Amino acid sequence: MSNSKTPLTGLKILDFTTLLPGPYATMLLADMGAEVLRIESPTRPDMLRGLPPMVGADKSISAAHATINRNKKSLALDLKAPKALEIVRRLLVEYDVVLEQFRPGVMDKLGLGFDTLRETREDLIYCSITGYGQTGPLNDRAGHDINYLALSGLASYSGRRESGPSLAGTQVADIAGGSHHAAMAILAAVYKRNQSGEGSHIDISMTDCAFAMNAISGACALAGGGDPEIESELLNGGSYYDYYRTADGRYLSVGSLEPQLAQQFFAALGRPEWMQRVLQPDQQEQLKRDIAAIIAMCNLDEWMRLFETCDACVEPVLSFSEAAESALMKERQMLCQAALPDGDTLKQINTPLVFDGNKPRRHTAGVPLGCDTHELLNALGYAQEEIDELLAQGVIA
């Protein structure tokens with residue numbers, strides 16, 4: 001998919017964020033064609049830049065950073081320097097979306113808050129991602145993904161009875177909460193602006209977003225159904241919808257909820273009569289133990305041969321490497337190559353978004369800190385003498 005065919009061509013975003021929630025959101029937008037410029041501190045670089053493994057000819061580039069910040073430019077700018085504000089104001093002539101991830105009030109103290117920047121750009125779209133929102137009793141409190149999930153109620157019924165709440169393999173509140181909701185809200189604000197000419201200040205609280213993801217269980221609780229608990233819900237271990245260990249220490253995922261799927265599943269196990277136990281609440285724990293005992297008798301590959309032609313929602317739990325090399329991910333083009341600054345390439349997870357049957361097959365990996373600083377300032381009309389002075393004063397790097 002060429003840049004001329006990408007759906008967000010023409011949208012320009014100033015990204016003041018670091019680590020994961022904000023950068024993942026702008027990665028999604030950049031993959032769809034938006035031009036993203038990262039504004040990065042020359043003295044406090046993004047911690048993700050130092051996360052191993054390191055790649056490139058001189059092993060100086062973090063593979064994670066190179067992926068999550070692909071297709072973006074980098075301007076190294078000390079936001080505490082008075083002259084930095086003038087650079088941002090000049091950028092706002094072209095860049096009409098701002099994304100920031102500081103605690104509430106920090107951007108205001110820097111002279112970069114929504115109300116201040118709106119004086120330069122009336123139709124500015126300004127998205128703030130925080131743990132607990134711009135308002136409320138915890139708005140100034142530090143937090144991480146684990147805390148947002150805890151306070152949202154999600155963690156209270158995720159895990160096992162004997163061990164309690166469990167961590168997910170990825171940062172659910174950060175990505176599904178912060179990144180995805182920010183990208184959706186920004187695009188909604190762009191649509192609003194196209195209709196009315198008005199800008200927006202978007203307040204994304206990762207805890208709010210995690211709370212909203214209670215969805216089905218939360219709806220039932222609010223209707224008087226009681227709080228969801230660990231291994232008590234249909235989809236959290238309270239039914240035979242679960243993972244089961246095989247003889248070789250691997251796992252099967254069993255999602256055979258619908259009657260027609262359940263019939264195929266129990267028939268494949270050689271226990272068609274167990275269908276009668278599915279709708280008996282007092283039978284669920286014993287039913288799961290009985291299923292587990294049978295699945296533990298054979299290795300994973302034996303079960304997969306059995307279920308290969310059986311459409312019962314039974315699939316193997318794959319390692320990441322197995323998933324990446326699977327026929328499914330290859331057919332769906334979920335791996336791509338990104339160009340590194342030294343001319344080499346880095347294998348990355350591709351965008352999952354497909355438009356008109358196409359997705360980008362090659363990306364530009366995240367660039368070194370301040371890689372585009374001089375070029376951008378030249379484009380903004382700064383003379384070389386001015387750039388040299390800003391460099392000497394530590395405003396840029």
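This is a short walk through one protein structure, from its overall build to a few unusual backbone spots.

Before we start, please keep in mind that this is a predicted model, where local features need pLDDT of at least 70, side-chain atom pairs count only at pLDDT 80 or more, and totals for chains, interfaces and linings use all residues. Residues are numbered from 1 along each chain as its sequence is written, and side-chain values use heavy atoms, with hydrogens and water left out.

Let's begin with the whole protein. There are 16 helices and 16 strands; these are DSSP runs numbered from the N terminus, helices being H or I with at least four residues and strands E with at least two. Along the principal axes, the C-alpha atoms fill a box of roughly 85 × 50 × 40 Å. Of the 397 residues, 44% count as buried, and here buried means under 20% relative accessible area, exposed means over 50%, and partly exposed is in between, with a 1.4 Å probe and protein chains only. The accessible surface comes to about 20500 Å², and carbon and sulfur atoms hold 54% of that; the areas come from the Shrake-Rupley method with a 1.4 Å probe, and for residues only the protein chains shown count as cover.

How are the contacts spread along the chain? Taking contacts with a separation of 6 or more, 67% are between residues 24 or more positions apart, where contact means heavy atoms within 4.5 Å.

Now to the sheets. One open sheet has six strands in the order β5-β2-β1-β6-β7-β10, with parallel pairing; two strands pair if DSSP finds at least two bridges between them. Which strands stand at its edges? They are β5 (72-76) and β10 (200-205), and each has a single partner strand, so one side of each is left without a neighbour in the sheet. On average, neighbouring strands in this sheet are turned by 20° against each other, direction ignored. For angles, axes are lines fitted to C-alpha atoms, for helices over the stretch in contact, and the values run from 0 to 180 degrees between N-to-C directions.

Look inside that sheet at β6 (residues 97-100) and β7 (residues 125-130), which run parallel and are joined by four bridges. Val97 has Ile125 of β7 as its bridge partner. Helix α7 (residues 172-196) lies across β6, β7 and β10, and runs at about 165° to β10.

Another open sheet has three strands, ordered β15-β14-β16, with mixed pairing. Its edges are β15 and β16; each has a single partner strand, so one side of each lacks a neighbour in the sheet. Neighbouring strands here are turned by 40° against each other on average, direction ignored. Strand β14 (residues 335-339) pairs with β16 in the parallel sense over three bridges, and Gln337 stands opposite Arg362 in β16.

Finally, the backbone. Most residues other than glycine have a negative phi, and most peptide bonds are trans. Where does this model have a cis bond? The peptide bond from Pro52 to Pro53 is cis, with omega near 5°, and Pro53 sits in the loop between β2 (35-40) and β3 (54-55).

Two loop residues are worth finding on screen. Cys313, in the loop between α12 (300-307) and β13 (314-316), has a positive phi near 60°. Cys313 is partly exposed, at a relative accessible area of 39%. Asp356, in the loop between β15 (345-349) and β16 (362-364), has a positive phi of about 55°. Asp356 counts as exposed, at 76% relative accessibility.
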